[in-house]
Amino acid sequence: MDSGERFDFISALPETLSQYLQSQGFPAYRGMQVFQWLHRKGVLAPDEMTNLPADVKALLHRHAPLLPVTAGQHFTSRDGTRKIEVCLADGLRVETVLIPEGNTLTQCISSQVGCAVGCAFCRSGAFGLLRNMTAAEIIGQIFIARAFYKPEEQLRNVVFMGVGEPLQNFAAVSRALQLLCHQDGMDLSQRRVTISTVGIRRGIEKLGELTGGKVSLAISLHAANDAVRRQLVPNVSVSVADLIQTLKRYPLPDRMRFTIEYVMVRGVNDSEEDARQLVRLLAPIRAKVNLLPLNPHDKTALQPPTPEQVQRFQDILIAKGLSVFLRKKRGDDIHAACGQLLALKDDKAP
Ligand code: SAH
Ligand code: SF4
C-alpha cells in the first residue's frame, strides 16, 4: 500500500495518476476521476469528491495539502486588477495578477522565483534567480486565484508574463501547459495561453514541437539591433537576426501571429531610426507589435519616453503596415503592471 512518500497529485496527468493509484491497489479508472475533480472541477478537498470510495479519499488525505502554494496578501487596483501574493512551501514568494475585461479574466502567472536574465527595466529580475517553480506551484496559482474572482467572472486567458523566464524552466512550464489545456481538465484552448519569452532558441523550438505552434508566443524583443539589446536584455546570447530565424522556422498556424513586445525606454530604443530598424527586422515574420512604455519603479533609473515620442514611433510602424498595440497599463497603482512584480524571500512590503 502507500509507501509514505509524497506523491504530487496536482502536476500528474491522468495516465500517471492511474498508474499511481493502481500501484496503491485501486482500479486505473480512479486516476481519471481524481484528475477531473482536481482540474475540471477545481475541487481540492477529498471529502467533496463524491464518486470516490473512502479508501481513495483516505489516500488523498494522507497527501494533503495537495496544493503546494497558498495565497498571501492581495491588493486591488483602481481599475479592478488584482495582485495576489503566492506563498511557496519554503517561504519564498512570487506574485500573480488577475486582469478583468468585462466578465472575463486574464491571469498573469509566474514561472520562476526571480529571473536570471536581469533586464535593465524589470523589477522581477532585480534579485537574480532564486529557483525554478515546480509545475504544481505554477498551476497552483490558477487554483488560489479563484477565491478572488467575482461570481460573474470566468478565466479566459493565461499569460506567462509574471516573474521569471518561462523557457528557462521548460519542463515545469510545459507540464503546466498540458494541464491548463487538457480536455479532461480546465480545457483552455492553446491559443488562449501565451508564453512570453526573451527568446531562448532551444525553448522556442521545443515549444513548437510540443504544441504544433498553437500556443500564443510573445517575444520580448525590446531592440532592433544587438548593441541596444545587450544593454536592455543582458545574459541572453542570441542575436536579433538568429532570433528572427528561429521564429521563421516556428510552426506558426496560418491564422496566428507572433506578438513582439517592445518596452520603450527614453533615449535608449525610442528613436525614429529604432522604429525603422524594427520594421526591417520584422519583415520576414508575421507579427504584431505591443509597445509598452516603460513602467517606472524603484529598481530602475530608466524612464519612459514622452507620449509624443511613443506616438511618432508607433506612426512609423503603422505606416509600414505593422499592427501596433499600445499596451494599456493595468494595476500600476498596486505594482501589478508589467515588470513590476517581485519575487521575495523575506517580509518586505509590495
Ligand atoms: N520573462 C518573460 C516573461 C515575463 S516579463 C519575458 O521577459 O518575456 C513580461 C513582459 O513585461 C515582458 O515583455 C517584459 O519585457 C515586460 N516588462 C518588464 N519590465 C517592464 C517595465 N518596467 N515596464 C514595462 N514592461 C516591462
Ligand atoms: Fe526576466 Fe522577463 Fe524580467 Fe527580463 S523582463 S528580467 S526575462 S522576467
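1. Let me start with glutamate 205, which counts as partly exposed at 31% relative accessibility. Its side chain meets that of arginine 202 in a salt bridge, with 3.1 Å from N to O. Arginine 202 is partly exposed too, its relative accessible area being 48%. The two residues sit 3 apart in helix H6, so about one helical turn separates them. Please keep in mind throughout that this is a predicted model.

2. While you are looking at helix H6, follow the helix to threonine 211; the helix covers residues 201-211. Is threonine 211 buried or exposed? Threonine 211 counts as buried, because its relative accessibility is 6% and the cut-off for buried is under 20%. Leaving aside residues up to four places away in sequence, threonine 211 touches Leu177, Gln190 and Tyr250. I would display these three residues together with threonine 211 when you view this end of the helix.

3. Helix H9 offers another pair for you to view. Here arginine 276 forms a salt bridge with glutamate 273, and the closest N and O atoms are 3.4 Å apart. Helix H9 spans residues 272-282, and the two partners are 3 residues apart within the helix, so they are separated by about one helical turn. Arginine 276 has a relative accessible area of 36%, which makes it partly exposed. Glutamate 273 is likewise partly exposed, with a relative accessible area of 36%.

4. Next comes a pair that lies outside the helices just discussed. Arginine 131 and aspartate 90 form a salt bridge whose closest N and O atoms are 2.8 Å apart. What parts of the chain does this pair tie together? Arginine 131 belongs to strand E6 (residues 129-132), whereas aspartate 90 is in the loop between strand E2 (82-88) and strand E3 (93-101), so the bridge ties together parts 41 residues apart in sequence. Arginine 131 counts as partly exposed at 22% relative accessibility, and aspartate 90 counts as partly exposed at 45%.

5. The contact between arginine 131 and aspartate 90 is also part of a wider arrangement: Asp90, Arg131 and Glu137 are linked in a network of salt bridges. How many salt bridges does a search of the whole structure find? The search finds 15. As for overall charge placement, the chain carries 42 positive and 35 negative charges, and their mean positions are 4 Å apart.

6. Now a few words on the overall fold. The chain has 10 helices and 12 strands. Of the contacts between residues at least 6 apart in sequence, 67% join residues at least 24 apart. Buried residues account for 57% of the 350 residues in the chain.

7. Finally, dimensions and surface. For 350 residues, a compact globule would have a radius of gyration near 20 Å, and the 21 Å of the chain agrees with that. Along its principal axes, the C-alpha trace spans about 70 × 45 × 35 Å. The chain exposes about 15,200 Å², and carbon and sulfur atoms supply 50% of that area.

Note on methods
Residues are numbered from 1 along each chain as its sequence is written. Chains are lettered from A and ligands numbered from 1 in the order in which they are written. This is a predicted model: local features need pLDDT of at least 70, side-chain atom pairs count only at pLDDT 80 or more; totals for chains, interfaces and linings use all residues. Side-chain values use heavy atoms; hydrogens and water are left out. Helices (H or I, at least four residues) and strands (E, at least two) are DSSP runs, numbered from the N terminus. Buried means under 20% relative accessible area, exposed over 50%, partly exposed in between (1.4 Å probe, protein chains only). Contact means heavy atoms within 4.5 Å. The radius of gyration is taken over C-alpha atoms; the globule rule is 2.2 Å times the number of residues to the power 0.38. Accessible areas come from the Shrake-Rupley method with a 1.4 Å probe; for residues, only the protein chains shown count as cover. Lys and Arg count as positive and Asp and Glu as negative; His and the chain ends are not counted. The place of a charge is taken as NZ of Lys, CZ of Arg, CG of Asp or CD of Glu. A salt bridge is a side-chain nitrogen of Lys or Arg within 4 Å of a carboxyl oxygen of Asp or Glu.
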